[in-house]
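This note is addressed to a colleague who is meeting the structure for the first time. The points below are meant to be read alongside the sequence and the coordinates.

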Amino acid sequence: MSFEELLRLPGQGRPKAHKQLVAENSTKTQSPRQPVCVADKHRPLEMSAKVRVPFLRQVVPISKKVARDPRFDDLSGDYNPEVFDKTYQFLNDIRAKEKQLVKKQLKKQRSGEEHEKLQQLLQRMEQQEMAQQERKQQQELRLALKQERRALAQQGHRPYFLKKSEQRQLALAEKFKELRRSKKLESFLSRKRRRNAGKDRRHLPLSKE
């Protein structure tokens, strides 16, 4: 009898040799149970041979250095110009001494390349001093406006906040008053006219010869 015919027979009528053959086939088809192995987390990293290894490979992780600008970092605190000026007020005395030293050296050097360098240095120091004075006047103006709003609020009035354009106009008016007091208004206006004339000249069409 063939194997298929033996399988069609009922279980009781099957011969003993058939039962042994079926048992052997079933044990062959079943895979032996594999032991469960837990992977060690400290084992070496296994890389696939199919993945191409990069030229610059990071073997050991390195912490990246992040540059920090203290001017824009919250860790340095908020910028307060009044506190800053009071803290670094000693720099004004140092700048004044340096300015006097440059003036003495400029008197010794009458001409030449060194004279031009000292002249440019003195001019830059004077411009920085003027910018600092203008910034100080703007701070005083803002402080006065703040005190005025606080007084109005204490009296029960609704405070009025000036726009930036209005603040610029007030600052310009204070600057003109200061120039008039120091008798430098005419020189300032003449420089302003020359600067505006140079800007207008750039926008003019070129004359055809």
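The numbered points that follow go from the whole chain to its individual parts.

1. Status and overall make-up. The model under review is predicted. The protein contains 7 helices and 0 strands, and from the N terminus on its elements run α-α-α-α-α-α-α.

2. Burial and surface. Of the 209 residues of the protein, 8% count as buried. The protein exposes about 20700 Å², and 53% of that area is supplied by carbon and sulfur atoms. Among the contacts with a separation of 6 or more, 31% are accounted for by residues 24 or more positions apart.

3. The largest nonpolar core. Which residues make up the largest nonpolar core? This core has 5 residues, namely Val102, Leu106, Leu118, Leu122 and Met125. Helices α4 (90–108) and α5 (113–154) each supply at least two residues of the core, and the largest share, 3 residues, comes from α5. As general background, nonpolar side chains tend to be buried together in soluble globular proteins.

4. Leu122 within that core. When neighbours within four places in sequence are left aside, Leu122 is in contact with Lys99, Val102, Lys103 and Leu106. Two of these partners, Val102 and Leu106, belong to the largest nonpolar core along with Leu122.

5. Gln139 in α5. Is Gln139 buried or exposed? Gln139 has a relative accessible area of 11% and is buried, because the cut-off for a buried residue is under 20%. Gln139 has its place in helix α5. Leaving aside neighbours within four places in sequence, the contacts of Gln139 are with Pro81 and Asp85.

6. Aromatic pairs. A search of the whole structure finds 2 aromatic pairs. The ring centres of Phe84 and Tyr88 are 4.8 Å apart and their planes stand at 45°, so this pair is tilted. Tyr88 also pairs with Phe90 in a tilted arrangement, at 6.2 Å centre to centre with 40° between the planes. Ring pairs thus link Phe84, Tyr88 and Phe90 into a cluster.

7. Exposure of the aromatic cluster. How does each ring residue count in terms of accessibility? Phe84 is partly exposed, at 40% relative accessibility. Tyr88 is likewise partly exposed, with a relative accessible area of 38%. Phe90, at 47% relative accessibility, counts as partly exposed. The reason for these assignments is that partly exposed covers values between the limits of 20% and 50%.

8. Length of α7. Helix α7 consists of 19 residues, residues 185–203. At 1.5 Å a residue the helix should span 27 Å, and its end C-alpha atoms are 28 Å apart, which agrees.

9. The two sides of α7. Where do the buried residues of α7 lie, seen down its axis? Leu185, Phe188 and Gly198 are buried in α7. Seen down the axis, the buried residues fall within an arc of 155°, so they line one face of the helix. These buried residues pack against α6 (164–181). The face turned away from the buried side carries the exposed residues Glu186, Arg193, Arg194 and Arg201.

10. Summary for the reader. Two places of packing deserve a look in the display: the core to which α4 and α5 each supply at least two residues, and the buried residues of α7 against α6. The cluster of Phe84, Tyr88 and Phe90 may be viewed after these.

Technical notes: Residues numbered from 1 in each chain as written. Predicted model: local features only at pLDDT ≥ 70, side-chain atom pairs only at ≥ 80, totals over all residues. Heavy atoms only, no water. Phe/Tyr/Trp six-rings, centres within 6.5 Å; stacked < 30°, edge-to-face > 60°. Buried < 20%, exposed > 50% of the residue type's maximum accessible area, 1.4 Å probe, protein only. Core = buried A, V, L, I, M, F, W, Y, C linked by side-chain atoms within 4.5 Å. Helix = DSSP H or I, 4+ residues; strand = E, 2+ residues; numbered from the N terminus. Contact = heavy atoms within 4.5 Å. Expected span 1.5 Å × (residues − 1). Arc of directions from axis to C-beta. Areas by Shrake-Rupley, 256 points an atom, 1.4 Å probe, with all protein chains shown as cover.
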